[in-house]
Amino acid sequence: VYLILIAQLKDVKTLFRYHGAEHKVVYNFESGLPLTIKNAQNFPTQHPRCGTSFIFIIMLVTIFTHAILDSIALIFIDKLTILTRLSLHILCLPLVAGVGYEVLKFLSTRQSITFFALLSKPGLWLQNITTKNPTDLELEVSITALESAFGKTKLKNLKGQQFTAEAIG
């Protein structure tokens, strides 16, 4: 509800268009097609490796991990206080983040398998709020950012290749 409400603000609408532009440009880049505004416009704004999907996955992993962790802790401790639970949960934060990241990577590379594509859907649906169709100017900014991040020489060497961003060294 919060995302839906703030999505109505002018500056947030602009931010979400840039977010959509980022996704379109990444898809364009990964496709092996020339990196152009026209090509980028043909790709969706939802991307399986998006941080929005990551946040959703982290929420689910956190629920399951903390439930298991609390159950195991109860075997060794008679009563779990708020302070004990908070300490355990903070200590396991790197584990939760790592598992969430691996789940995101795993699902994003298996979108052609119906079961895994379905597991990714809630994160992609959430992106319907956090990404919007960009203008050509916003795509141009995203293309420039990608070129700056990789360097034009490296991009030239990768031209025409298809891959996922994770595979770029």
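Here is a quick look at the salt bridges in this predicted model.

The count comes to four salt bridges, and three of them are worth walking through, among them a link between distant parts of the chain.

| Pair | N to O distance |
|---|---|
| arginine 17 and glutamate 138 | 2.9 Å |
| arginine 85 and aspartate 70 | 2.8 Å |
| glutamate 102 and lysine 105 | 3.8 Å |

Let's start with arginine 17 and glutamate 138, whose side chains meet at 2.9 Å, N to O. This pair bridges 121 residues of sequence, with arginine 17 sitting in helix α2 (residues 10-31) and glutamate 138 in helix α8 (residues 136-150). The two ends are not alike in their surroundings: arginine 17 is partly exposed, at 24% relative accessible area, while glutamate 138 is buried, at 4%.

Next up are arginine 85 and aspartate 70, joined at 2.8 Å, N to O. Arginine 85 belongs to helix α5 (residues 82-91) and aspartate 70 to helix α4 (residues 51-76), so this bridge ties together parts that are 15 residues apart in sequence. Here too the arginine is partly exposed, with arginine 85 at 34% relative accessibility. Its partner, aspartate 70, has a relative accessible area of 10% and counts as buried, because the cut-off for buried is under 20%.

The pair of glutamate 102 and lysine 105, at 3.8 Å, stays within one helix. Both residues lie in helix α6 (residues 93-108), three residues apart, or about one turn of the helix. Glutamate 102 is partly exposed, with a relative accessible area of 44%.

Methods
Residues are numbered from 1 along each chain as its sequence is written. This is a predicted model: local features need pLDDT of at least 70, side-chain atom pairs count only at pLDDT 80 or more; totals for chains, interfaces and linings use all residues. Side-chain values use heavy atoms; hydrogens and water are left out. Helices (H or I, at least four residues) and strands (E, at least two) are DSSP runs, numbered from the N terminus. Buried means under 20% relative accessible area, exposed over 50%, partly exposed in between (1.4 Å probe, protein chains only).
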